[in-house]
Amino acid sequence: MKKEVLISIKGTQLVDGEKDQVELLTTGSYYRRGGHYYIAYDESEVTGFEGSHTVLKVEEDKRVTMLRSGSVQSHLIVENGVRHQCNYQVGGHSLIIGVSGDSIVSSLTDQGGDLAFKYSLDINTTLTSENEIRIQVTECGTTPEPV
């Protein structure tokens, strides 16, 4: 069921009371394997991860795993009510960061749909940012609703 899709992403990050938003509209692939949905796309200059490829594995409303490869490498796990220690590599430096999942809401089906998740990041248990990601997946040739 792998298909080319239009992916609309809106990310919000809150750091020290300052809010930053990024929006990206891109094409990518979407498929289901082992009962889980996968969203894959190439990052751009807009997101600050140009030269990276991102794959999101969505396990219903329970867990989202984000794998980045290329110029920025990371393996983040967002799970409701759970703090995971995850690897994040950028600029030749590797960090172990805490990722605490706050909420995951998925309405993904074989035709596409919406995914929203919130999480916070910490380094040495010190909060560094609060994040919210909203993603809409639509089959190519259809118009996405505003995220």
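In this predicted model, tyrosine 30 and tyrosine 37 are both buried. Their rings have centres 5.5 Å apart and planes at 5°, so the two form a stacked pair; planes under 30 degrees apart count as stacked. A second stacked aromatic pair joins tyrosine 31 to tyrosine 38, with 5.0 Å from centre to centre and 5° between the planes. Here, too, both partners, tyrosine 31 and tyrosine 38, are buried. Tyrosine 38 has a further neighbour in arginine 33, whose charged end sits over the tyrosine ring at 5.6 Å from its centre. In total, the model holds three aromatic pairs.

We can turn next to strands 8 and 9. Strand 8 covers residues 93–106 and strand 9 covers residues 113–123; the two run antiparallel and are joined by eight bridges. One residue to look for is valine 105, whose bridge partner in strand 9 is alanine 116. The two strands form a hairpin with six residues between them, and in this hairpin glycine 112 adopts a positive phi near 125°.

Strand 9 also takes part in the nonpolar interior. In soluble globular proteins, nonpolar side chains tend to be buried together. The largest nonpolar core of this model has 30 residues, and those with the most contacts inside it are Ile39, Val99, Leu115, Phe117, Tyr119 and Ile135. Strand 9 supplies the largest share of this core, with four residues. Phenylalanine 117 offers a helpful view of the surroundings: leaving aside residues up to four places away in sequence, its contacts are Val64, Met66, Val78, Ser103, Ile104, Asn131, Glu132, Ile133 and Ile135.

How values were computed: Residues numbered from 1 in each chain as written. Predicted model: local features only at pLDDT ≥ 70, side-chain atom pairs only at ≥ 80, totals over all residues. Heavy atoms only, no water. Pairing = 2+ DSSP bridges. Phe/Tyr/Trp six-rings, centres within 6.5 Å; stacked < 30°, edge-to-face > 60°. Buried < 20%, exposed > 50% of the residue type's maximum accessible area, 1.4 Å probe, protein only. Lys NZ or Arg CZ within 6 Å of the ring centre and 35° of its normal. Core = buried A, V, L, I, M, F, W, Y, C linked by side-chain atoms within 4.5 Å. Contact = heavy atoms within 4.5 Å.
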